[in-house]
Amino acid sequence: MQILKRYKWTWALLLVALAMAAYLTVNAINAKGGKLPVIGKVQDFSLENVDGKPVTLADTAGKVRLFYFFFTQCPDVCPVTTFMLSQTQDLLKQNGSFAKDVDFVSVSFDPQNDTREAIRTFADRFQADYSGWYFLRGDQEKIRTFAADSFKVLIYGKNKDNFAHANLIALVDRDNRLRALYDAGDSANVTPEFLADAAAKLARE
């Protein structure tokens, strides 16, 4: 038991990695055939945006969406991935599909530190366009359950000092179906160009 307690975060990270690898492998195999598979269904939610207004799944329905879970005090992957999303935003603006056909939804799982003001400051660093990019916050346990049930994204820890989470970007279609999970750390394959193309293709489906 002492060993399990001592290495609980190692085991947690291992479980995250295994779950991520399984789903990414399924996606990679199926995507080669052309049409992305349906992995699951996104559950309804009600979260708060940076203006303090409630946002639900219905508010983004009818569009393709890229979902990402983050916390603003993340020391490594969250800022890098959010920067990549901001570049994707710019590419989608160029072809006219951002906010019209494609929305982004970034969900913080650290309500203790991620106030509306803190999230807005974070989002502004990356020139987020709020007309098509939702930054949301809410109850930590509800978000943890939402992330796992809807996106297979596992989040461990209670605060910024011990969070461990899968760094995945989820692609959701107009009918609220999860169609792909992308490893944001795979810089060789998952690029702004790749994400913009995947979202645009799904919007034309």
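This note sets out points on the salt bridges and on helix H5 of a predicted model.

1. Salt bridges overall. The structure as a whole holds 13 salt bridges, according to a search of all of it. The points that follow take up several of the residues concerned.

2. The pair Lys100 and Asp101. A salt bridge joins Lys100 to Asp101, with 3.4 Å between the closest N and O atoms. The two partners differ in their surroundings: Lys100 has a relative accessibility of 58% and is therefore exposed, whereas Asp101, at 17%, is classed as buried. The cut-offs behind these classes are under 20% for buried and over 50% for exposed.

3. Arg177 and its partners. Arg177 forms a salt bridge with Asp173, where N and O lie 2.7 Å apart. Arg177 also forms a salt bridge with Asp175, and here the closest N and O atoms are 4.0 Å apart. Arg177 itself is partly exposed, its relative accessible area being 27%. Of its partners, Asp173 is buried at 3% relative accessibility, while Asp175 is partly exposed at 47%.

4. The wider network. These contacts belong to a network of salt bridges that links Asp173, Asp175 and Arg177 with Arg179 and Glu205.

5. The length of helix H5. Helix H5 covers residues 140-151, which makes 12 residues. At 1.5 Å a residue, a span of 16 Å is expected for H5, and the end C-alpha atoms are indeed 16 Å apart, so the two values agree.

6. The buried face of H5. Which residues of H5 are buried? They are Gln140, Ile143, Arg144, Phe146, Ala147, Ser150 and Phe151. When H5 is viewed down its axis, these buried residues fall within an arc of 165 degrees and therefore line one face of the helix.

7. The two ends of H5. At the N-terminal end, Asp139 acts as a cap: one of its side-chain oxygens lies 3.2 Å from the backbone nitrogen of Glu141. Just after H5 comes Lys152, whose phi is positive, at about 60 degrees.

8. Points to inspect. In the 3D view, a reader may begin with Arg177 and its salt bridge to the buried Asp173. The reader may then turn to H5 and look down its axis, where the buried residues line one face. The cap formed by Asp139 at the N-terminal end of H5 may be viewed next, followed by Lys152 with its positive phi just after the helix.

Methods:
Residues numbered from 1 in each chain as written. Predicted model: local features only at pLDDT ≥ 70, side-chain atom pairs only at ≥ 80, totals over all residues. Heavy atoms only, no water. Salt bridge = Lys/Arg side-chain N within 4 Å of Asp/Glu carboxyl O. Buried < 20%, exposed > 50% of the residue type's maximum accessible area, 1.4 Å probe, protein only. Helix = DSSP H or I, 4+ residues; strand = E, 2+ residues; numbered from the N terminus. Expected span 1.5 Å × (residues − 1). Arc of directions from axis to C-beta. Polar contact = N/O pair within 3.5 Å; in protein donor to acceptor, adjacent residues only side chain to side chain.
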